[in-house]
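Here's a quick look at aromatic rings, their charged neighbours and a helix packed among them. Pull up the model and follow along.

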Amino acid sequence: MSDFQAVFKRKEVKYLLSKEQYEAFLPALLEMAEIDKYGESDILSLYFDTPNYRLIRTSLEKPVYKEKLRLRTYGVPEKDTPAFVEIKKKYDGIVYKRRISLSYEDAFRYLTGTGRLSQLTGDGQVFKGADRQIAGEIDAFRTNYKGLAPAMLISCKRIALAGKDDPDFRVTFDRDIHWRAKNLDLSMGNEGRNLLADGQRLMEIKVKDAIPLALSRKMSELRIFPVSFSKYGMGYCQMQMDTVRTRFAGQLAAGAVAAGTGSSPVNTQKKKGGVAYA
């Protein structure tokens, strides 16, 4: 499993596009970039976190440095599907990604077990050289964050483009971004709750240096501006809001029962001396 890039260092900028902005922007982009050989593909990512969600809570505070651990596949995997165990770090606006490839079965067993990745094998051989170093970094990450376990599954449909003259210039468009916090196994499919409105796409421009000037002008013309958007972070926030709503609904129901009525205690009125008061 060596036909992949294991180490990335680049600037990644995100933009949220409406259907109209996407359709107007794509022709300009295609003048300098082309869609890769995979066309539109399904991306499934399983994020790991501590029991108190330390990693994503830290990330949402927008520190200078943050990091995540995830398991990624392209398409719903079977046992022998190639999978990527990835550490994604961001420092001062620059993204660093380190990843290693092995079968989905081996990757999932490692991440949900207690063994060391550096002791496993890839393609029947012991990890060597750079792969062994990355495996050691992933092992250290799991040692540093106690209790790491599957926390959220994120899936999307993605189109990726690469620069015609500059292969380091890449753009991705994600749609149908879904999340779920149950059935946390990529082999169980990509169902979940949607993070985007109908027709919206999350665009991510990935460059080593600056975004091409012509492209920046086109984005300005179409009023396409950078946004802060973490798929895992957005899913986590939705999950927390669900928890709050459920708890509040339960408290209202309990209050209504305690008041001996079928309605919320907020709307319950009593009479004293012929005057109604709440």
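## What packs over α3

Keep in mind that this is a predicted model. Start with helix α3: the elements covering its buried residues include β2, β3 (65-74), β4 (82-91), β5 (94-103) and α4 (129-144).

Which residues of α3 (residues 104-111) are buried? They are Y104, A107, Y110 and L111. Because these residues span an arc of only 135 degrees around the axis, they end up on the same side of α3. That fits a general rule: an α-helix has 3.6 residues a turn, so residues three or four places apart point the same way.

## Aromatic pairs

Scan the whole structure and you get six aromatic pairs. Take Y53 and Y236: the ring centres are 5.3 Å apart and the planes meet at 50 degrees, so this pair is tilted. Y53 comes from the loop between β2 (33-49) and α2 (54-60), while Y236 belongs to helix α6 (residues 231-258), so the pair bridges distant parts of the chain, 183 residues apart. Y236 has 10% relative accessibility, so it counts as buried.

Another tilted pair is F141 with Y145, at 4.8 Å centre to centre and 40 degrees between the planes. Both F141 and Y145 are buried.

## Arginines over rings

Now for the charges. R142 lies over the face of Y110, 4.5 Å from the ring centre; Y110 is also one of the buried residues of α3.

What sits over the ring of F84? The charged end of R99 does, 4.3 Å from the ring's centre.

Note on methods
Residues numbered from 1 in each chain as written. Predicted model: local features only at pLDDT ≥ 70, side-chain atom pairs only at ≥ 80, totals over all residues. Heavy atoms only, no water. Phe/Tyr/Trp six-rings, centres within 6.5 Å; stacked < 30°, edge-to-face > 60°. Helix = DSSP H or I, 4+ residues; strand = E, 2+ residues; numbered from the N terminus. Buried < 20%, exposed > 50% of the residue type's maximum accessible area, 1.4 Å probe, protein only. Lys NZ or Arg CZ within 6 Å of the ring centre and 35° of its normal. Arc of directions from axis to C-beta. Contact = heavy atoms within 4.5 Å.
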